Amino acid sequence: MTGPRTGPAGYAPWLVGLVGLTLARLVVAGFVPLAPDEAYYRLWALAPAAGYLDHPPMVALWMRLGLWLGGDTAFGLRLMGPISAFAGSCLLVQAGACWQPGSARAGRGVGLRAAIMLNSTLALGLGTLIMTPDTPLVFFMTLLVWSLSRLCAGGAGWWWLVAGAAVGLGFASK
């Protein structure tokens, strides 16, 4: 009798679905015209600063990274949205596994449900297609949950540094 699949192969169907969803988000992000707020944030991305009149700097830094990777297009401006949603979803799946250490199947189920619920929210659904300050905020909050789950599972004390960085970067987002 074999036990539940505990390796990366156990995540394969979900990962294939997430990759497909991310690719679809990237395609749509390249074709949707820029919203007025996004055009405003684009100006910030072209001249990065420590802060702006009505927002902290993270949305501009997020767009600047996207411009560097994808060019000065709608696709480049929004590139980090789908990528951060992908990374945040993977972090939530791993966080769920930390909360159920005795059972790989139960831990995977908790994390997968959390990632599916996150991807079903309006904040992530629109935040991956239209760049807003909430886009990096959601990523850094998932990073916070992941690092705290590592701590609660008996991780090393340096995970507090990751948690602190996630909180600080979240504050720089919104």
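Q: Are W62 and F139 buried or exposed?
A: Both are buried. Buried means under 20% relative accessible area, exposed over 50%, and partly exposed in between, with a 1.4 Å probe and protein chains only. This is a predicted model, where local features need pLDDT of at least 70 and side-chain atom pairs pLDDT 80 or more, while totals for chains, interfaces and linings use all residues. Residues are numbered from 1 along each chain as its sequence is written, and side-chain values use heavy atoms, leaving out hydrogens and water.

Q: How many aromatic pairs does a search of the whole structure find?
A: The search finds nine. Rings of Phe, Tyr and Trp (its six-membered ring) pair if their centres lie within 6.5 Å. Planes under 30 degrees apart count as stacked, over 60 as edge-to-face, and the rest as tilted.

Q: Why is the pair of W62 and F139 called tilted?
A: The ring centres are 5.9 Å apart and the planes stand at 40°, so the pair is tilted. W62 lies in helix 3 and F139 in helix 8, so the pair ties together parts 77 residues apart in sequence.

Q: What makes the pair of W62 and F140 edge-to-face?
A: Here the centres are 5.4 Å apart and the planes are at 65°, so the label is edge-to-face. This pair also links distant parts of the chain: W62 in helix 3 and F140 in helix 8 are 78 residues apart. W62 and F140 are buried.

Q: Which residues form one aromatic cluster?
A: Y40, Y41, W44 and Y52 do.

Q: How many helices and strands does the chain have?
A: There are nine helices and zero strands. Both are DSSP runs numbered from the N terminus: helices are H or I with at least four residues, strands E with at least two.

Q: Which residues of the largest nonpolar core touch the most other members?
A: They are W44, W62, M63, M131, F140, L143 and W146, out of 24 residues in this core. Helices 2, 3, 5, 8 and 9 each supply at least two of its residues. Another core, of 10 residues, lies apart from it and includes A85, L112, L118 and L124. A nonpolar core is a set of buried Ala, Val, Leu, Ile, Met, Phe, Trp, Tyr and Cys residues joined through side-chain atoms within 4.5 Å.

Q: Which residues is W146 in contact with, neighbours within four places in sequence aside?
A: W146 is in contact with L91, Q94, A95 and W159. Contact means heavy atoms within 4.5 Å.

Q: How do you know that the span of helix 9 agrees with its residues?
A: The expected span is 1.5 Å times one less than the number of residues. For the 13 residues of helix 9 that gives 18 Å, and the end C-alpha atoms are 19 Å apart, which agrees.

Q: Which residues of helix 9 are buried?
A: W159, A163, A166 and G170 are. Seen down the axis, they fall within an arc of 60°, so they line one face of the helix. The arc is that of the directions from the helix axis to the C-beta atoms. These buried residues pack against helix 8. The face turned away carries the exposed residues W160, L161 and F171.

Q: Why is G155 called partly exposed?
A: Its relative accessible area is 31%, and partly exposed lies between the 20% and 50% cut-offs. G155 is found in the loop between helix 8 and helix 9.
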